[in-house]
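Could you walk me through this structure in the viewer, one selection at a time? I am new to it and would like to know what to click next and what is there.

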Amino acid sequence: MRNWFLRMMIGAALLGAFSLVWPDAVSVALAQGGPQAVKTIGGCPRDPASFRPCALIKAKTFDPPRTPDGKPDFQGFWANQENAAPWDIEPHPASFGVPGGPGDIVDPPDQKIPYTPEALAKRNDIVENHPYDDPQAHCAPAGVPRQNYTPFGLQFVQPLGSFVILYEAQHMYRIIPTDGRPHLPTTVKLWQGDSVGHWEGNTLVVDFANNNGKHWLDMAGNFDTENLHVVERFTMVDADTILYEATLTDPTIYTRPWTIALPFARNKDKNYYLLEFACREGEHDLQHYLDGDQSKNFNVDQKKGDQKK
């Protein structure tokens with residue numbers, strides 16, 4: 001119960017962010033019944049398992065606007081249409097302070113992360129004993145794919161030869177070259193990894209590697225390693241909707257590749273802009289949400305981390 005309370009406190013600020021980034025049409029439904037009140041997005045059912053096949057069909061007949069170099073024009077402000085994945089990307093019921101949802105996993109069919117037994121045991125230990133270690137809660141970069149379903153706005157910019165994502169959350173950004181350059185050497189490990197992109201028709205395909213292995217995928221303790229490889233796909237469904245897909249591969253902790261999918265909606269509020277996200281890496285305030293024993297563990301773990309630096 002104490003761990004769920006911690007997750008609720010961490011997530012409260014995230015849930016409040018929806019009122020700032022969800023487009024106008026969605027905001028009305030939010031006011032009437034919360035994120036789950038939005039039944040369709042871009043003419044497709046909102047739950048990821050149903051949205052993805054519908055969106056792929058619609059995308060085949062949509063001719064997107066073009067940039068001067070002829071590429072699909074994604075530029076503008078967007079917001080992911082997810083409300084429960086920041087807490088847990090697997091299906092989960094609602095609980096105190098945690099919105100329930102179907103998760104974002106569309107493959108495998110059971111919508112569960114295909115962990116090896118050892119990795120699953122580690123995930124369960126994180127949930128039970130180390131919920132305060134969530135890197136995002138300490139203002140470390142969220143990484144890929146988590147950065148894309150953290151509930152804050154984002155902006156796409158397309159200078160020639162690159163695709164740039166500006167995230168409001170933690171003022172992160174990704175500069176994704178699309179000029180055919182290779183990845184950095186495998187010995188280089190980064191919080192934001194190394195992303196290189198290319199176009200397949202109207203879809204931007206991003207290859208993500210060089211991960212430092214220090215991220216979680218959500219607040220439920222689902223984690224990754226430095227061996228993570230992600231292939232992301234951004235496809236415009238219509239002028240105001242994007243299908244985002246990400247396939248994760250890591251044979252050291254997963255028994256097979258697995259895929260998430262979710263929609264983005266264009267934010268057409270003329271007064272919207274990305275706010276400054278004041279979050280200092282290494283934030284220590286989580287200890288105030290813990291009881292005596294957990295607070296001691298937090299301080300010990302934090303000191304160990306500081307010594308490693």
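Start with the cysteines: this predicted model holds two disulfides. Counted along the chain, the bonded cysteines follow the pattern 1-2, 3-4.

**Stop 1: Cys 44 and Cys 54**

Select Cys 44 and Cys 54 and show their side chains. A disulfide joins Cys 44 to Cys 54, with 2.0 Å from S to S. Cys 44 sits in strand S2 (residues 44-45) and Cys 54 in helix H4 (residues 48-60), so the bond ties together parts that are 10 residues apart in sequence. If your viewer can show dihedral angles, look along the S-S bond: the angle about that bond is -75°, and the link of Cys 44 and Cys 54 is left-handed.

Now switch on the surface. Is Cys 44 buried or exposed? Cys 44 counts as buried because its relative accessibility is 0%. Its partner Cys 54 has 21% relative accessibility and therefore counts as partly exposed; the cut-off for buried is under 20%.

**Stop 2: Cys 139 and Cys 279**

Next, select Cys 139 and Cys 279. These two form the other disulfide, with their sulfur atoms 1.7 Å apart. The pair links distant parts of the chain, 140 residues apart. To find the two ends, look for Cys 139 in the loop between helix H5 (117-129) and strand S5 (154-157), and for Cys 279 in the loop between strand S12 (258-266) and helix H6 (292-308). The link of Cys 139 and Cys 279 is left-handed, with -75° about the S-S bond. Cys 139 is buried, its relative accessible area being 7%.

**Stop 3: the hairpin of S8 and S9**

Turn to the strands and select residues 194-200, which make up strand S8. How many of the seven residues of S8 are buried? Five of them are, and the strand is mostly covered.

Add strand S9 (residues 203-209) to the selection: S8 and S9 pair in the antiparallel sense over seven bridges. For one example, click Trp 199, whose bridge partner in S9 is Leu 204. The two strands form a hairpin with two residues between them. Click Gly 201 in that turn, where phi is positive, at about 65°.

While the strands are on screen, here is a general point to keep in mind: in a regular strand, side chains alternate between the two faces of the sheet.

**Stop 4: from S8 across to S10**

Keep strand S8 in view and select Glu 200 together with Arg 233. The two form a salt bridge, in which the closest N and O atoms are 3.2 Å apart. Glu 200 is in strand S8 and Arg 233 in strand S10 (residues 229-238), so you are looking at a link between distant parts of the chain, 33 residues apart. Both ends are partly exposed: Arg 233 has a relative accessible area of 27%, and Glu 200 has 38%. In general, side chains of opposite charge can pair when their charged atoms come close.

**Stop 5: a network around Asp 240**

The structure holds 10 salt bridges, and this stop visits two that share a partner. Select Asp 240, Arg 266 and Lys 268; shared salt-bridge partners join these residues into one network.

Look at Arg 266 and Asp 240, whose side chains meet in a salt bridge of 3.3 Å, N to O. Arg 266 belongs to strand S12, while Asp 240 is in the loop between S10 and strand S11 (241-249), 26 residues away in sequence.

Then move to Lys 268 and Asp 240, which meet in a salt bridge of 3.2 Å, N to O. Lys 268 lies in the loop between S12 and H6 and Asp 240 in the loop between S10 and S11, so this pair ties together parts that are 28 residues apart in sequence.

With the surface on, which labels do the three residues carry? Arg 266 counts as buried at 16% relative accessibility, Asp 240 is partly exposed at 27%, and Lys 268 is exposed at 56%.

**Last stop: the whole chain**

Clear the selection and zoom out. The protein chain has six helices and 12 strands, and 52% of its 309 residues count as buried. Its accessible surface comes to about 14,100 Å², with 57% belonging to carbon and sulfur atoms. Among contacts between residues at least 6 apart in sequence, 61% join residues at least 24 apart.

Methods. Residues numbered from 1 in each chain as written. Predicted model: local features only at pLDDT ≥ 70, side-chain atom pairs only at ≥ 80, totals over all residues. Heavy atoms only, no water. Helix = DSSP H or I, 4+ residues; strand = E, 2+ residues; numbered from the N terminus. Buried < 20%, exposed > 50% of the residue type's maximum accessible area, 1.4 Å probe, protein only. Contact = heavy atoms within 4.5 Å. Areas by Shrake-Rupley, 256 points an atom, 1.4 Å probe, with all protein chains shown as cover. Pairing = 2+ DSSP bridges. Disulfide = S-S within 2.5 Å. Salt bridge = Lys/Arg side-chain N within 4 Å of Asp/Glu carboxyl O.
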